[in-house]
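Here's a quick tour of a protein model for someone just starting out. Take a look at the picture first, then work through the points below.

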Amino acid sequence: MAECALNLASSPPALSANLRISPTRFSPLRRTLPLTSPSVAGKPLFCSHLHRSTNSSRSQFRTKSSMAEKVTGKSKAEVKVYDSEEELAVALAKYTADLSEKFCKERDAFTVVVSGGSLIKSLRKLVEPPYIDSIDWSKWHVFWVDERVVPRDHPDSNYLLTYDGFLSKIPIPAGHVYAINDALSAEAAADDYETCLRHLVKSKILDISKESGFPKFDVMLLGMGPDGHVASLFPGHPLVHEKEKWVTFIKDSPKPPPNRITFTFHVINSSANIALAIVGAGKADVVHKLLGDDDKSSDLLPVQMVSPEGELVCFLDKDAASKL
């Protein structure tokens, strides 16, 4: 299979001008990926609903850490509530740095998936002492759980948001940042990204889940929309039931822009670790639906379908947890 190759030509003028690239930090080089998509056999991984443990009281969610339990009983989701978003960001940085140290020692690489939105702001403590100097950034490989199909210097680009708020401030190798090919259509960009993931599995940078047959990332750092969507998987949209693809596309997103690519739930739920960072009173109703024990609805929101093979930790500020 052809390798995921970097086009080493200079970045587009508009992008370079806007981003003020530092030669000692990551620079946003264009990535050119192959378009063939060999098949990989895998069995589907089914999603499950999150519920708070039945013996938990409302007051437990005002503490620094309490537990929520999936209805499958397969594993538990730890719920951490903080007095402010600042405290949440500090805790999220330590969580991520600890996982980085663990996986760099175990497998000499750390595969990290990020979303866009407020999650990127909550990663800001990672680029401050002590983590900026203690993390082995050379072993990080950064991916996006979803991306808007727009130019990389467009205000709607998750890549641009992540570059401005995070990537431009860390010494990560340019070849370890896997942005979409923004010259392609949504469908072609999704196929392109999946092909890159398959190559990284073949080259042993990415693991494959023994349970599901889908790629197994070391950690996914995710946010959640006020409607309960994660990645670009929206309530009521048929893509939440995609069973075959690793990466798929959407052309009718209920939230603009309409054209996007996204990981499917089988990939998301094959993760070794998932952190959900949820901030603000505007998301309190969905958090209650996610973690409250009185929800009788049979229609699951996408965030309720997040059920990783490994550990799930929910980082909430007190406003997001205000209705628990």
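Contact means heavy atoms within 4.5 Å. With that in hand, residues 24 or more positions apart account for 74% of the contacts in the chain with a separation of 6 or more. What you're looking at is a predicted model, where local features need pLDDT of at least 70 and side-chain atom pairs count only at pLDDT 80 or more, while totals for chains, interfaces and linings use all residues. Residues are numbered from 1 along each chain as its sequence is written, and side-chain values use heavy atoms, with hydrogens and water left out.

**The chain as a whole**

- You'll find eight helices and 15 strands in the chain; these are DSSP runs numbered from the N terminus, with helices being H or I of at least four residues and strands being E of at least two.
- Of the 324 residues in the chain, 57% are buried (buried means under 20% relative accessible area, exposed over 50%, and partly exposed in between, with a 1.4 Å probe and protein chains only).
- The chain's accessible surface is about 13,400 Å², and carbon and sulfur atoms own 53% of that (areas come from the Shrake-Rupley method with a 1.4 Å probe, and for residues only the protein chains shown count as cover).

**The nonpolar core**

- The largest nonpolar core has 94 residues (such a core is a set of buried Ala, Val, Leu, Ile, Met, Phe, Trp, Tyr and Cys residues joined through side-chain atoms within 4.5 Å).
- Helix 2, residues 85–107, gives the most to this core, chipping in nine residues.
- Among the residues with the most contacts inside the core are Trp140, Phe263 and Ile268.
- Ile268 touches Val145, Met220, Leu222, Ala231, Leu233, Phe263 and Ile274, if you don't count residues up to four places away in sequence.

**A look at helix 2**

- Helix 2 has 23 residues and reaches 32 Å from its first C-alpha to its last, close to the 33 Å expected at 1.5 Å a residue (the expected span is 1.5 Å times one less than the number of residues).
- Right after helix 2 comes Asp108, with a positive phi near 60 degrees.

**Rings that pair up**

- The structure holds 13 aromatic pairs (rings of Phe, Tyr and Trp, using the six-membered ring of Trp, pair if their centres lie within 6.5 Å; planes under 30 degrees apart count as stacked, over 60 as edge-to-face and the rest as tilted).
- Tyr82 and Phe315 make a stacked pair, 6.4 Å centre to centre with 10 degrees between the planes.
- Tyr82 sits in strand 5 (residues 76–82) and Phe315 in strand 15 (residues 311–317), so this pair ties together parts 233 residues apart in sequence.
- Trp137 and Trp140 form a tilted pair, 4.6 Å centre to centre with 50 degrees between the planes.
- Trp137 is buried because its relative accessible area is 3%, and Trp140 is buried too, at 0%.
- Ring pairs also link Phe103, Phe110, Trp137, Trp140 and Phe166 into a cluster.

**Ser157 and the cysteines**

- Where is Ser157 found? Look in the loop between strand 8 (146–148) and helix 5 (158–165).
- Ser157 counts as buried because its relative accessibility is 2%.
- Leaving aside neighbours within four places in sequence, Ser157 is in contact with Glu147, Val150, Pro151 and Arg152.
- How many disulfides does the structure hold? Zero (a disulfide is a pair of cysteine sulfur atoms within 2.5 Å).
- Cys196 counts as buried at 1% relative accessibility, and Cys314 counts as buried at 0%.
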